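Here is a colleague's note for someone opening this entry for the first time. Please keep the sequence and the 3D view side by side while reading.

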Amino acid sequence: MRVLGIDPGLRHLGWGVIESSGSRLTHVANGVIRSDGDDLGERLLSLFNGLSEIVAGYAPDAAAIEQT
């Protein structure tokens, strides 16, 4: 199973992908998506676009989001 973890933020969104096989966890990738613009709508759109690329590229089976 592949899991995407998200640490939300309006300026910087952290993400990480791990692979689970039984009790073994393996790091796949991680990074930060930085939002563009001063307008809230522009920032949300750039975060959405960046996260959409991550989901398309790593095809996670599940996701976990840290509560803000």
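1. Overall order. Read along the sequence, the chain follows the pattern β-β-β-α-β. That makes one helix and four strands. Please keep in mind that the model is predicted.

2. Dimensions and burial. The C-alpha trace spans about 45 × 25 × 15 Å along its principal axes. The chain has 68 residues, and 22% of them count as buried.

3. Strand 1 with strand 2. These two strands run antiparallel and are joined by six bridges. They form a hairpin, with four residues between them. To find the pairing in the view, start at D7: its bridge partner in strand 2 is G14.

4. Strand 2 with strand 3. This pair is also a hairpin, here with two residues between the strands. The pairing is antiparallel and runs over ten bridges. One of the pairs is E19 with T26, the latter in strand 3. In the turn, G22 has a positive phi of about 65 degrees.

5. Strand 1 with strand 4. Which sense does this pairing take, parallel or antiparallel? It is parallel, over four bridges, with strand 4 made of residues 62-65. L4 stands opposite A63 of strand 4. Strand 1 thus has a place in two pairings: with strand 2 and with strand 4.

6. The salt bridge. How many salt bridges does the structure hold? The count is one. It joins the side chains of E19 and R2, at 2.9 Å from N to O. E19 lies in strand 2 and R2 in strand 1, so the contact ties together parts 17 residues apart in sequence. In general, side chains of opposite charge can pair when their charged atoms come close. Neither partner is classed as buried: E19 is partly exposed, with a relative accessible area of 30%, and R2 is partly exposed at 23%. Note that E19 appears twice in this note, as the partner of T26 in the strand pairing and of R2 in the salt bridge.

7. A nonpolar patch. L10, L40 and L44 form a nonpolar patch on the surface. Together they have about 260 Å² of accessible area. L10 sits in the loop between strand 1 (2-7) and strand 2 (12-21). Its relative accessibility is 42%, so L10 counts as partly exposed.

8. A negative patch. Which residues form the negative surface patch? They are D36, D38, D39 and E42. D36 belongs to the loop between strand 3 (24-34) and helix 1 (40-58). Is D36 buried or exposed? Exposed, because its relative accessibility is 53% and the cut-off for that class is over 50%.

9. A backbone point to check. A59 has a positive phi of about 45 degrees, although it is not a glycine. Why point this out? Most residues other than glycine have a negative phi. A59 is in the loop between helix 1 and strand 4. At 52% relative accessibility, A59 counts as exposed. The other positive phi in this note belongs to G22, in the turn between strand 2 and strand 3.

Terms used. Residues numbered from 1 in each chain as written. Predicted model: local features only at pLDDT ≥ 70, side-chain atom pairs only at ≥ 80, totals over all residues. Heavy atoms only, no water. Patch = residues over 30% accessible without salt bridge, like charges linked within 9 Å, V, L, I, M, F, W, Y side chains within 5 Å. Areas by Shrake-Rupley, 256 points an atom, 1.4 Å probe, with all protein chains shown as cover. Salt bridge = Lys/Arg side-chain N within 4 Å of Asp/Glu carboxyl O. Buried < 20%, exposed > 50% of the residue type's maximum accessible area, 1.4 Å probe, protein only. Lys, Arg positive; Asp, Glu negative; His and termini not counted. Charge placed at Lys NZ, Arg CZ, Asp CG, Glu CD. Pairing = 2+ DSSP bridges.
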